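User: I have a structure to go through. Please take my questions one at a time and keep the answers short.

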Amino acid sequence: MSTALLDIRNVYSGYGSIEVLHGVNLHINAGEIVTLIGANGAGKSTLLMSIFGDPKITQGEIIYDGIPLHRTEPHLIAQHGIAQVPEGRRIFPGMTVEENMLIGAMPIGMDHVDDDRQELFELFPRLKERRNQRAGTLSGGEQQMLAMARALMARPRTILLDEPSLGLAPIVVQRVFDILKEITQLGKTIFLVEQNAYHALGIANRAYVMVNGEITLTGTGEELLANPEIRDAYLGGSKKR
């Protein structure tokens with residue numbers, strides 16, 4: 001029997017009559033960074049959203065730490081120790097940095113807010129500097145850090161991230177991926193959906209490739225970085241980017 005922390009078994013999902021995922025199987029072990037790469041429209045974001053129950057899967061199972069998430073109400077899923085950093089960050093622009101972070105703690109209650117906020121201000125010193133600033137005035141990189149900090153305020157064991165490097169300058173992208181490695185050192189597990197294959201595979205323990213709603217390849221991050229087909233399809237024919 002599988003001992004994976006997150007186990008996705010033969011999952012089908014989509015929107016109405018449009019099926020997007022076709023029998024997806026993957027697993028994530030505790031403490032890993034697992035990356036899912038693929039082209040636009042491959043179904044990567046649909047898989048992340050299906051883990052949180054919207055859309056609901058039409059077939060298969062999503063098991064998290066022994067809990068069948070596919071039978072769990074979406075608003076209760078975060079209470080099981082999973083947090084999501086959505087594509088586009090989706091912060092609340094009219095609220096301050098600190099108010100955005102407090103919203104992240106709501107699924108588990110506010111008892112640990114002071115300690116957690118201080119720990120996250122150490123991880124994200126720029127957010128501490130801007131704690132009273134409206135979130136909508138932050139740079140793209142700062143907003144991405146805020147989205148990650150907000151997710152961490154829920155004390156998750158596992159964090160799902162959807163395209164965290166999207167629209168960011170290269171130097172900021174590097175910082176974001178460095179922070180993800182630091183987050184795993186805090187004992188977190190990361191499932192990362194990302195088009196920046198070079199950086200994503202570079203930090204991944206394991207990785208999957210999705211094409212048209214199906215997993216077509218899997219291996220360690222290093223193995224996929226060295227794979228000529230992956231380099232041609234996602235890295236411009238080179239290991240460097």
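User: Which residue forms a salt bridge with Arg130, and how far apart are the closest N and O atoms?
Analyst: This is a predicted model. A salt bridge here needs a side-chain nitrogen of Lys or Arg within 4 Å of a carboxyl oxygen of Asp or Glu. The partner of Arg130 is Glu142, with the closest N and O atoms 3.2 Å apart.

User: Which parts does the pair of Arg130 and Glu142 tie together, and how many residues apart are they in sequence?
Analyst: Arg130 lies in the loop between helix 5 and helix 6. Glu142 lies in helix 6. The pair therefore ties that loop to helix 6, parts that are 12 residues apart in sequence.

User: Which residue of helix 5 forms a salt bridge with Glu142?
Analyst: Helix 5 covers residues 125-129, and helix 6 covers residues 140-152. The pair ties together parts 16 residues apart in sequence. Its closest N and O atoms are 3.0 Å apart, and the residue in helix 5 is Arg126.

User: Is Glu142 buried or exposed?
Analyst: Buried means under 20% relative accessible area. Arg126 stands at 39%, so it counts as partly exposed. Arg130, at 23%, is also partly exposed. Glu142 has 8% relative accessibility, so it counts as buried.

User: Which residues are joined into one network by salt bridges that share partners?
Analyst: A search of the whole structure finds 14 salt bridges. Some of them share partners and form a network. Its members are Glu98, Asp114, Arg117 and Arg131.

User: What is the N to O distance between Asp7 and Arg9?
Analyst: Asp7 is buried, with a relative accessible area of 10%. Arg9 is partly exposed, at 28%. Their side chains meet in a salt bridge, with an N to O distance of 3.1 Å.

User: Now the sheet. Which are the edge strands?
Analyst: Six strands form an open sheet with mixed pairing, in the order 6-7-8-3-9-10. The edge strands each pair on one side only. They are strand 6 (82-85) and strand 10 (214-220).

User: What is the average twist from one strand to the next?
Analyst: The sheet is open and holds six strands. From one strand to the next, the twist averages 15°.

User: Which residue in strand 9 stands opposite Leu36?
Analyst: Strand 3 (residues 33-37) and strand 9 (residues 206-211) run parallel. Four bridges join them. Opposite Leu36 stands Tyr208.

User: Which residue of strand 8 is the bridge partner of Leu161?
Analyst: Strand 7 and strand 8 pair in the parallel sense over five bridges. Strand 3 also pairs with strand 8 in the parallel sense, over four bridges. There, Thr35 stands opposite Leu192. The bridge partner of Leu161 is Leu192.

User: How many residues of strand 8 are buried?
Analyst: In a regular strand the side chains alternate between the two faces of the sheet. Thr189, Phe191 and Val193 are buried on one side of strand 8, and Ile190 and Leu192 on the other. Strand 8 is therefore largely enclosed by the rest of the structure, its buried residues being five of the five.

User: At about what angle does helix 7 run to strand 8?
Analyst: Strand 7, helix 7 and strand 8 make a right-handed β-α-β unit. Helix 7 (residues 170-184) lies across strand 3, strand 7 (158-162) and strand 8 (189-193). The angle of helix 7 to strand 8 is about 150°.

Notes. Residues are numbered from 1 along each chain as its sequence is written. This is a predicted model: local features need pLDDT of at least 70, side-chain atom pairs count only at pLDDT 80 or more; totals for chains, interfaces and linings use all residues. Side-chain values use heavy atoms; hydrogens and water are left out. Two strands pair if DSSP finds at least two bridges between them. Helices (H or I, at least four residues) and strands (E, at least two) are DSSP runs, numbered from the N terminus. Axes are lines fitted to C-alpha atoms, for helices over the stretch in contact, and angles run from 0 to 180 degrees between N-to-C directions. Contact means heavy atoms within 4.5 Å. Buried means under 20% relative accessible area, exposed over 50%, partly exposed in between (1.4 Å probe, protein chains only). A crossover is right-handed if, with the strands pointing away from the viewer, the path from the first strand over the helix to the second runs clockwise.
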